[in-house]
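Me: Could we go slowly through the terms used for this protein, with the reasoning behind each of them?

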Amino acid sequence: MEIEKLKVSHTKRNILIGGIIIILLIGITLTFTRAKYRTTQSIPLLNGTINYELSDLNLIGAYIQEGEEYVKTNTIPTSGYEFNAEESYCTINNERDDNITLSFDMTTQNLTVTPLTTKGTKCYLYFDEKLSAGDTILAASKPQGQTTDWTGQTTYYYTGKPNNWVQFAGFWWRIIRINGDGSIRMIYQGTSANEKGTRTQIRTSDFNNSANNNMYVGYMYQSGVLHGLQQSSTIKNVLDSWYQSNLETNYGQYIDGNAGFCGDRRVSSGTGGGTSSTDYQPYTRIRNSSPSLSCNKNDIYTTDEFELGNGALTYPIGLISADEAMFAGIPWSGSNQNNYLYTGQYYWTMSPYGYYSSSNANVFRVWSNGSLYNGSVNNASGVRPVINLKSAIAITGSGSKTDPFKVG
């Protein structure tokens with residue numbers, strides 16, 4: 001009997017001790033859990049919030065670069081700058097703590113502070129000016145000329161034999177100009193660094209299969225409509241197919257769809273309709289050696305319809321204009337073979353020339369001798385794609401043939 005009582009006593013004691021331990025564990029867990037959630041705070045940061053572990057963290061300083069100086073700002077930048085982790089720092093009790101690491105996501109506006117263990121932590125964020133692709137290129141290889149384009153802003157263009165080589169998407173290109181909006185316009189040069197020959201073009205093609213109407217001078221056209229956009233030209237279909245096969249999937253994110261391509265169909269004489277004799281404005285400008293990068297909005301081919309474009313393109317690809325070729329140094333009369341656009345081949349521009357009863361619809365071509373002149377749209381000539389790289393991409397290189405500009 002005494003032995004049984006002793007067993008019961010031990011059993012009760014074990015149960016009691018076990019219960020006390022469980023209660024203590026629950027209490028400790030609740031304490032830590034409540035403490036965790038008590039000390040996790042959020043602070044508004046523009047469009048989002050950042051989370052941090054102590055309630056008295058103060059982001060008391062944000063600074064942006066202006067030239068060689070940093071100036072305080074009341075607004076965290078969302079674009080045009082990049083976070084400088086090395087310059088940014090935190091202090092504890094007014095003493096800099098280099099053991100704290102800061103990272104900041106410019107896209108999500110999220111800040112990470114690691115580790116954050118001490119009350120009184122204050123952080124100072126620094127943001128550097130982010131050079132656009134155009135800025136990088138201008139600094140490395142200064143273009144030879146400048147003018148105003150259809151954006152109303154300054155565009156910088158290359159002439160002669162410049163360091164304007166680019167490797168992109170497995171192909172070689174030459175920069176035509178830095179557009180007014182900061183994007184980079186460039187023309188196809190081949191699968192290697194060719195300067196002349198048929199390898200500087202993707203193929204030959206008619207501009208349009210028919211030439212017996214004014215409308216066929218258009219990169220896109222519509223019967224009876226001077227600036228019509230209903231139908232794609234033969235050459236546009238060639239370029240669209242090439243873009244789909246070579247650029248769309250892996251490189252489309254780098255290409256600007258709204259920098260545009262000009263196929264200016266404004267008329268100088270005639271009506272531009274049907275089979276009436278017509279001179280188009282590019283013809284008058286080129287003949288007078290007075291190129292211009294102004295353009296009619298309906299003839300600025302873009303992927304989205306906005307203030308400066310027609311939004312008619314499915315793919316952001318086009319051709320050089322006759323005006324751009326002349327700015328680069330290709331003349332109306334004579335020839336210039338000491339020029340990066342000279343390839344020894346005939347190839348199409350996007351610029352209408354005219355319609356005449358004897359020779360039908362004509363568009364400007366760069367001729368094999370290095371001059372600008374007309375070509376009947378139903379005669380095959382070279383196709384050299386033109387694309388525009390976005391301004392907000394990283395560019396490396398010097399632009400030379402041995403050290404071309406590269407994306408990233």
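**Strand 6 and its partners**

Reply: In this predicted model, Tyr89 and Thr91 point one way from strand 6 (residues 89–92), while Cys90 and Ile92 point the other way, and all of them are buried.

Me: What makes the side chains of a strand point in two directions?

Reply: In a regular strand the side chains alternate between the two faces of the sheet.

Me: Why are Tyr89, Cys90, Thr91 and Ile92 called buried?

Reply: The word applies to a residue with under 20% relative accessible area, and since all of these residues count as buried, each of them must fall under that cut-off.

Me: Why is strand 6 said to pair with strand 10 (residues 121–129)?

Reply: Pairing asks for at least two bridges, and four bridges join strand 6 to strand 10, so the two strands qualify as a pair. They run antiparallel, and the bridge partner of cysteine 90 in strand 10 is cysteine 123.

Me: How do you know that strand 6 also pairs with strand 7 (residues 95–97)?

Reply: Three bridges join strand 6 to strand 7, where at least two are needed, and therefore this is a pair as well; these strands run antiparallel, and isoleucine 92 has glutamate 95 as its bridge partner in strand 7. Strand 6 and strand 7 form a hairpin with two residues between them, and asparagine 93 in the turn has a positive phi of about 55°.

Me: How many helices and strands are there in the protein, and what share of the residues is buried?

Reply: The protein has six helices and 31 strands, and 47% of its 408 residues count as buried.

Key
Residues numbered from 1 in each chain as written. Predicted model: local features only at pLDDT ≥ 70, side-chain atom pairs only at ≥ 80, totals over all residues. Heavy atoms only, no water. Buried < 20%, exposed > 50% of the residue type's maximum accessible area, 1.4 Å probe, protein only.
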